[in-house]
Amino acid sequence: MLTNAEASAVYDCLKDDIRKAYLKSESPIARDFRQWKRFSVSPYPAEAHGTRYLLNYANPVAAPNYQKYEDLDNMPIGSVVVKEGFVQQHDGRNGVGPLFIMEKKRQGALADSGGWHYSMIMPSGMVRMDQGLQKFCNDCHVRADDDDFMMFMPDEFRVSAK
Ligand code: HEC
């Protein structure tokens, strides 16, 4: 496990590589997300997505609500929330991790996904958004349906609300 200072240092090293990897997808989200409001003070270790260190961002439609955390109202249509970051491999080396994306649309990808569509930009630039992925992601996020499927990061990594 990396200390916060170590995780920040690794991120600073990999930041440009991460961005370049995502840009291969030609996705507008990959181009824009670093200009959105960032909600994690530093890369935080994720419990749920492997040995990853992540940073969360919300687009301008999503940010005013996302920053209320567990007090949020429903996220508006057009909300996009992403997590970027790096993965620590078994041999201790760090590499580019996928970009995790949730987009709120009028019609969800699944009947029970609350309007959300899930996708991932892989380090190769390949975009994954198949039905299998929708189910995989939603099976977890649906547990947070009281918070409109948002699961947030651990408290100590949150940019303070309001
Ligand atoms: C095992 C449960 C689990 C699965 C499966 C899962 N997530 Fe998450 N997700 C979480 C948790 C927990 C968080 C809160 C932050 C963290 O610990 O990573 C989160 C946070 C997020 C966020 C930040 C928005 C928020 O909820 O605050 C995005 C975006 C996201 N996940 C996308 C995805 C995508 C895309 C997939 C499928 C490829 C996926 N997740 C699969 C548990 C899961």
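**Exercise 1. Strand E3 and its short partners**

Which residue stands opposite Tyr57 in E3? Work out how E3 is paired with E1 and E2, and describe the burial of E3.

Solution.

Step 1. The model is predicted: local features need pLDDT of at least 70, side-chain atom pairs count only at pLDDT 80 or more, and totals for chains, interfaces and linings use all residues. Residues are numbered from 1 along each chain as its sequence is written, and side-chain values use heavy atoms, with hydrogens and water left out.

Step 2. Arg38 stands opposite Tyr57 in E3. Helices (H or I, at least four residues) and strands (E, at least two) are DSSP runs, numbered from the N terminus. Two strands pair if DSSP finds at least two bridges between them.

Step 3. Strand E1 (residues 37-38) is joined to E3 by two bridges, and the two run antiparallel. Strand E2 (residues 44-45) also pairs with E3 in the antiparallel sense, over two bridges. Pro45 has Tyr53 as its bridge partner in E3.

Step 4. Buried means under 20% relative accessible area, exposed over 50%, and partly exposed in between (1.4 Å probe, protein chains only). Seven of the seven residues of E3 are buried, so E3 is largely enclosed by the rest of the structure. Arg52, Leu54, Asn56 and Ala58 point one way from the strand, Tyr53, Leu55 and Tyr57 point the other way, and all are buried.

**Exercise 2. The pairing of strand E4**

Find the strands that pair with E4, and give a bridge partner for Tyr53, Val81 and Gln88.

Solution.

Step 1. Begin with E3 (residues 52-58), which pairs with E4 in the antiparallel sense over seven bridges. Tyr53 has Phe86 of E4 as its bridge partner.

Step 2. Go on to strand E6 (residues 99-104), which runs antiparallel to E4 and is joined to it by four bridges. The partner of Val81 in E6 is Met102.

Step 3. Strand E5 (residues 94-96) is antiparallel to E4 as well, with three bridges between them. Gln88 is bridged to Asn94 in E5. E4 and E5 form a hairpin with five residues between them, and Gly92 in the turn has a positive phi of about 90°.

Step 4. Check the burial of E4 (residues 80-88): nine of the nine residues are buried, so the strand is largely enclosed by the rest of the structure.

**Exercise 3. The shell around the ligand**

Which residues come nearest to the ligand, and which element supplies the largest share of the shell?

Solution.

Step 1. A residue is near a molecule or strand if one of its heavy atoms lies within 4 Å of it. Of the 25 residues around the ligand, Lys83, Cys137, Cys140, His141 and Phe152 come nearest.

Step 2. List the polar contacts, each a pair of N or O atoms within 3.5 Å; within protein, one must be able to donate a hydrogen and the other to accept it, and residues adjacent in sequence count only if both atoms are side-chain atoms. Lys83 places a polar side-chain atom 2.5 Å from an oxygen atom of the ligand. For His141, a polar side-chain atom lies 2.9 Å from a nitrogen atom of the ligand. Met151 has a backbone N or O atom 2.7 Å from an oxygen atom of the ligand.

Step 3. Assign the shell to elements. At least two residues each come from E3, E4, E6, strand E7 (116-121) and helix H4 (131-141). H4 gives the largest share, five residues.

**Exercise 4. Ala30**

Is Ala30 buried or exposed, and which residues are in contact with it?

Solution.

Step 1. Ala30 lies in helix H2 (residues 28-32), and it is buried, with a relative accessible area of 1%.

Step 2. Contact means heavy atoms within 4.5 Å. Leaving aside neighbours within four places in sequence, Ala30 is in contact with Arg19, Tyr22, Leu23, Ser25 and Ile121.

Step 3. Compare sequence and space: Ala30 and Glu84 are 54 residues apart in sequence and 9.7 Å apart in space, C-alpha to C-alpha.
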